[in-house]
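Subject: Structure handover

Hello,

Please find the structure below. My notes on it come after.

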Amino acid sequence: MNRSMRMLLLIPGLLFLTVFMLIPLVLTISSTFVENGSFSLDGYFRFLGDAYFLEILWTTLFVALLTTFCCVILAFPAAYYISKLNGGKKAIMLMLAIFPLLVSPVVRSFSWMIILGRNGLLNEFLLATGLINEPLSILYTPAAVAIGLIHLFLPLMIVTLVGVMENIDADLFLAAESLGASKAKAFLKVMVPLCVPGLVIGSTLVFVGSFTAYTTPALLGGQQRVISTFLYQNAITLNDWHAAAMIATIMIVITFVVTGLFQKIAAILNPRG
Amino acid sequence: MALLTLDQVTVAYQKQDILKQFDLKIEKGELLSLLGPSGCGKTTTLRLIAGFLESKSGRFLFNDKDYTRVPVSKRNFGFVFQNYALFPHLSVYNNIAFGLKMRKQTQSEMKKRIAHVLDVVNLTGFENRFPKELSGGQRQRVAIARALVIEPDLLLFDEPLSNLDANLRETMRVEIRRIQQELGITAVYVSHDQEECFSISDNVAIMNKGIIEQLDAPSHIYSYPKTRFVAEFIGFKNFLPFSDREDNGAYWTLASGAQRFSVAKHAGSDLGMTGAIRPDDIELVLDLNQGDAANHIAGKVLVCTFLGRSYQCIVETAAGTFTVHTDMATPLDIGTPVVLHFPSNKIIITQ
Amino acid sequence: MALLTLDQVTVAYQKQDILKQFDLKIEKGELLSLLGPSGCGKTTTLRLIAGFLESKSGRFLFNDKDYTRVPVSKRNFGFVFQNYALFPHLSVYNNIAFGLKMRKQTQSEMKKRIAHVLDVVNLTGFENRFPKELSGGQRQRVAIARALVIEPDLLLFDEPLSNLDANLRETMRVEIRRIQQELGITAVYVSHDQEECFSISDNVAIMNKGIIEQLDAPSHIYSYPKTRFVAEFIGFKNFLPFSDREDNGAYWTLASGAQRFSVAKHAGSDLGMTGAIRPDDIELVLDLNQGDAANHIAGKVLVCTFLGRSYQCIVETAAGTFTVHTDMATPLDIGTPVVLHFPSNKIIITQ
Amino acid sequence: MNQSKHIGLGFVSFLIFLFLLGPLVIISVASFEPSTVLQFPPSGFSLEWYANIFAVSAFMDTFKLSMLVSLLGNLCALLLGIPAAYALSRYEFPGKALLNVLFVSPILIPGTVLGFTFLRYLIVAYQLPLEVALFVGHTILMLPFIIRVIASSMATFDFSIEEAAMSLGASRFGAFFKVILPNIKSGIIAAVLIAFLESFNNVDISVFLTGPGLSTLPIQMLTYVEHYFDPTVAAISVMLMALTAILMFAIERLVGLSYFTKR
Amino acid sequence: ASGDGNEKPTDLVISTWGFAEDFFKEEVYKPFQEEYNVNIVVDIGNNAERLNKIRQGTANVDVVYLSDYYAQQGIEEGLFAEIDRSNIENIDNLYDIAKAPLGEEYGPAYTIGQFGIAYNPEQTKGPIESWSDLWDDSLAGNLTIPSITSTTGPMFLDAASIVAGQEEFNADAAFAAIADLKGNIVKEYDKSSDFVNMFTQGEIAAGPFMEMYFHDLQAAVPEAEFVTPTEGGYAVMNTVNVVKDSDNKELAEAFINWHLSKEVQEASAKAKVDSPVNIDVELSEQEAEGVTYGEETIEALNLLDMEYVNSESAEWIDRWNKEIAN
Ligand SMILES: Nc1ncnc2c1ncn2[C@@H]1O[C@H](COP(=O)(O)OP(=O)(O)OP(=O)(O)O)[C@@H](O)[C@H]1O
Ligand SMILES: Nc1ncnc2c1ncn2[C@@H]1O[C@H](COP(=O)(O)OP(=O)(O)OP(=O)(O)O)[C@@H](O)[C@H]1O
Ligand SMILES: NCCCCNCCCN
Ligand SMILES: [Mg+2]
Ligand SMILES: [Mg+2]
């Protein structure tokens, strides 16, 4: 197919995005470099010199990366399991996997409060089995936020991976095993690299989702803030869109760097991905 | 004791049995070929041995140990896949290195062995290509190299040379045989190319619909197929239904229609009443006077095709239609009257 | 005018040229085979004709029209893929029906034609299977059926029979040839099997590294390969470097080392100084007295292998090592002294 | 492959599903709470909050709008996204990496900022009617999910069957619909579902693109929980799950669920 | 003029929070629509979001309900029209503090709530009576406070200043006091629902809370108590204004007048939707439960100067982030 045909496939989407998002966004972002009518980076220096800002940035980043990592670890076996099923069973499991997405994030957080709370199901269970003597405080900690976020985003990762795994020839796995790779090794050396395209996009979805998440950290986290709270405060409460756009720009840059890093790792795992 | 024993193994896809109470024994160091029509269960047998499939019933012994439940990765069997199954994300070098890495070979040893095996399969210089940048035959050769390089206890080949040209196929098969013998590796080899199977194997098993019809040394099978199926499969295109049998010392005398045939006795020749002869072995005689002699039948050429080495003529006679290969400068015209001679030491009797 | 013309076509993957100013002409109704070593560009040529690849330069004419830019779907060419490329989500029936549906055939016509083509490829009863439930050979046959059933203007076969056993391969190739001739379809056929190419084709093109070395009728190529490459490729295993040439009427007399050879003249035999002869055509003589006669050389057996039809002996002589095929009951022992006779009408001269 | 080899994998998967579905079970049970506060175990059994969903008309109104926007936007995103996903995974061309980034960018930008930008440009500057802006915003929101999920399921795809289809007379278009699409069906369904749910649950962008008489279900739900603490929102979630389950059951009856997966 | 049914009704756009929507539809909007031949369209959402839309001018809002803090922002940005009090006679019947909380030119408070303390006596050492009781060590890990960005955040900051012994509001003292409180705080809350959740799940035993939500809290935890702290509760003012660009200013004023009428005020109170500010509304003891009602109660509430709050809020949020919220 010649070049112009290829472009024809891309143009509608491209045009749509450019007109409705790219141009407005570029204008919004470029406005953050203008202060009092002239180019200035002062706003950025203010944020990046602010210990409080850097701390919540770091916390948010850490929780988002942790969430992404856990989602990868958990999604792999589940997705593999689902992709091995056939026909109707596969469809059912796939649907079950995305069932959580049907439940409002707020409601899901309620549920985790019920489970993780001081008098929650988990503590009751652990106390009853004698595994602990004092209730654990998980709720209102970063761990609770991570758990909530994993629950929120794991379905995305699973579904993405199933889509990729389905198109992988089963013989490749057998070939690896016959060359002496244990199931785990074969999985690691063949399945994982071939899943890389799915992994990259899955991780991007999860990372960005948790990095910009607002409701779940607010409900399950403690006093420690996340970056979106800060963005929201500036934008909505203080109506300071200049600052909000700057925070957003910083967030966008970080997202680009991190997802770029995912691509780098991906390129190492699967040079042909 | 045989190195590998399949004992009454049954394998099924969905409800249909593909291998039916299948028995097979292979000695250490032996190269056994499986030969049989498309869909008869050759790949299935290999996959069973490799551990990719589980049998419904029966046992698989290897080295006197029950291997039925040993996981694939613990078997140390090399497998060359019919569809190659190369790792698309790895270069040629890394595809071949895969098994060595699993075996924790040193970098230098690995380099050496890969360089060597690449030389064997004639792909030196292709190390950094990825599978999708190779031609069909090149991929197949990478698949072979990948299995050879680990020097496994058992090598399983599924049509490993099907996409190579005659010369390369021959070089490769000589190489495979050499490596297999040098290292004393036992091997099971599936191919649809008879010459390949015969030349490379210690024993050949002819399969049909999930069972083995005959397992013997190549030259024996070649000359004395036990059943009509085997005979037909290995190129006996011509069959003579016999109706009468007389013992004549070293020969049988048999009748086919009005014609009498004398046939040299051979092991098992008392068990059947169907004569078989190869197209190469029938002599096409233009002297029409011989039409009535024993082992001769008169007929007419139906069609003549050039085969390279010789012409193939289809000749219609009173006893049926026969296929004959004959060396000639020019083909015979359609309708040419000819006489066919069936040498008595070239007719064999099958069940 | 030829039906199909490739005119100075160059095709490249990445920067590397695979086909180099390639020329090819095919007449209407002709079946042309491409034969050549693995990786020489056969698949590339077919893909170019089919329209899957774009050429860097050159023109492609079909029926006198410039087809260079005609989209694949408008070409009405059937393609049998080396790796089958069956639709995994469609049953055998629907795989074959695909092209017919594209052509808006009626349901009943479709049923009839599919039933017929399934019969041709011996897969009646497999209609409802899905590709992954088929053996390698069965898949290949579905691929053939799918291309045949649409009765295209041009049929492109990429190793269509490589995974079939000898009998089925022969039946199929006869069927392919029959259908092709009956319908007057033009075809390009890639196979690594020489016998197949020779028997099925009107013309054979021998390719090497992206160019055609010789294009001729099969019997002509078989007997008179133009270059050493072609000779080697089609089974001339033995070469004699000649140093002197004397005209002797119908014969040339040539020297190779101390030995003189008389060689029957043939078209082009004045163009080269390398003699070539097939293993089948050298006669192995046990009468050692002939060792000094013209066209005879004495030597010693190095190794003897069973090939089915005959034994293959490698014989070492003063003029080099030769491969000889000979009919014998038992192989010759290593070291047996023998004499080789090179019949003067069997030696040919190549460039 | 044999089932017994899957026992370990099956067990791990079971735990993962427990993690995913356990909280939903708890919420479902708790939604039958008779009192005004969500708790577990519930203090009794009542359908009051389910009745409340229908009693509060805003829930039904916003549900309808949410469905409409998510479905229409999804359709539009598919029309724009599938060709792009195909081009991005099928061909190599200069600038591809950049395009890849551009097409995921709506995911990479915090929703609040995206929403505000839409408000300022789509509505204020471009003067789009609110409904249209909401639809455009949701299309943009869904586009990257559609493109990336579909593209990643095409990454391992063997495109030779496309050539086969074309050689049999299918146009480029036809080949895509007849052989590519069916074989990436589950990828597309995954993409559609994910995109739909992302849009259906979206708050941060919608907030800016709703207005008088025009609101979406999640916004309505959020507004509701600012003032009420009863299990109505839990009941809504349970209803959505039940609706989906019924839909699945119907599909199973009509075409079989395996219709949605590759063989 | 009562509609004769032939004229096309005018659209009146009302921006409000979105609670008790069905009550408003039936009891407030419907009679008004019929009488004035208007069609009421509502825009719902929280204060900040709705104010934002008015700023962008995208919503064509006529009447806007906002809590006083946000209404003050709107006023300062010149988003609201000055009202003509003669068109809103019912203002005269309101409690004094409700008549013009943000100045004579702008709208009245249509309801006033009380911000006090809710607690669970079964989980505290003894009864809680004053703001300073929240600082007691026995509440360690058992307390929530409103975040600085919520409506009541500044009120609690003021209470902290009082607890710190300041006559006049002193931000340093207030922040220091709240920093002292950190050992008691589990986490702060943004929405009343968060408070209720924490309370019913047993994560907290006490916290500053709005009386208007107490009814729901008590339904879940019957033993819960609401107190007006000895230092005084705070008045939560919900105001109603006419938007500057409104084409229906008179209609808007008529609507406000209607909302302030005894009829509507009483119905809202009885339905426990909003506490009444109309002095003519009479409630039985039972009807008054969970409602901020009665002249003394109302007049005793502390009031914040919203202009001052507004000017300080960015500074406070910043300090809060750094000193409290981590
Ligand atoms: N995508 C690609 N990138 C780079 N090189 C390629 C690619 N595809 C094929 N080639 C090279 O082009 C040459 C010709 O390939 P082609 O597939 O035409 O060979 P072929 O004659 O069909 O061989 P075979 O008989 O092995 O199938 C080979 O050397 C191959 O390595
Ligand atoms: N997954 C499957 N489901 C159902 N039947 C199958 C499946 N796989 C293979 N078969 C059937 O089992 C039989 C044996 O297949 P197998 O692959 O062993 O044949 P083969 O001897 O290797 O043939 P070929 O020479 O064509 O590769 C065939 O008839 C095939 O149709
Ligand atoms: N943020 C102030 C909102 C006031 C809403 N009052 C709700 C009363 C519910 N019973
Ligand atoms: Mg097979
Ligand atoms: Mg090829």
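The notes cover how to read the model, then one ligand site, then the nonpolar cores.

This is a predicted model, in which local features need pLDDT of at least 70, side-chain atom pairs count only at pLDDT 80 or more, and totals for chains, interfaces and linings use all residues. Residues are numbered from 1 along each chain as its sequence is written, chains are lettered from A and ligands numbered from 1 in the order in which they are written, and side-chain values use heavy atoms, with hydrogens and water left out.

Ligand 2 lies between chains B and C. There are 21 residues around ligand 2 (a heavy atom within 4 Å), and B:T43, B:T44, C:S135, C:G137 and C:Q138 come nearest. That shell divides into five nonpolar, 11 polar (Gly counted here) and five charged residues. Oxygen atoms of ligand 2 make polar contacts (N or O pairs within 3.5 Å): one is 2.4 Å from a side-chain N or O atom of B:T44, one is 2.6 Å from such an atom of C:S135, and one is 2.9 Å from a polar backbone atom of B:G41. The protein covers 91% of the 640 Å² of accessible area (Shrake-Rupley, 1.4 Å probe) that ligand 2 has on its own.

The largest nonpolar core (buried nonpolar residues, under 20% relative accessible area, joined through side-chain atoms within 4.5 Å) has 424 residues. E:F156 is among those with the most contacts inside that core. Beyond four places in sequence, E:F156 is in contact (heavy atoms within 4.5 Å) with residues including E:F115, E:W131 and E:P208. A second, separate core of 41 residues includes E:F19 and E:V242.

Regards

Conventions
A polar contact is a pair of N or O atoms within 3.5 Å; within protein, one must be able to donate a hydrogen and the other to accept it, and residues adjacent in sequence count only if both atoms are side-chain atoms. Buried means under 20% relative accessible area, exposed over 50%, partly exposed in between (1.4 Å probe, protein chains only).
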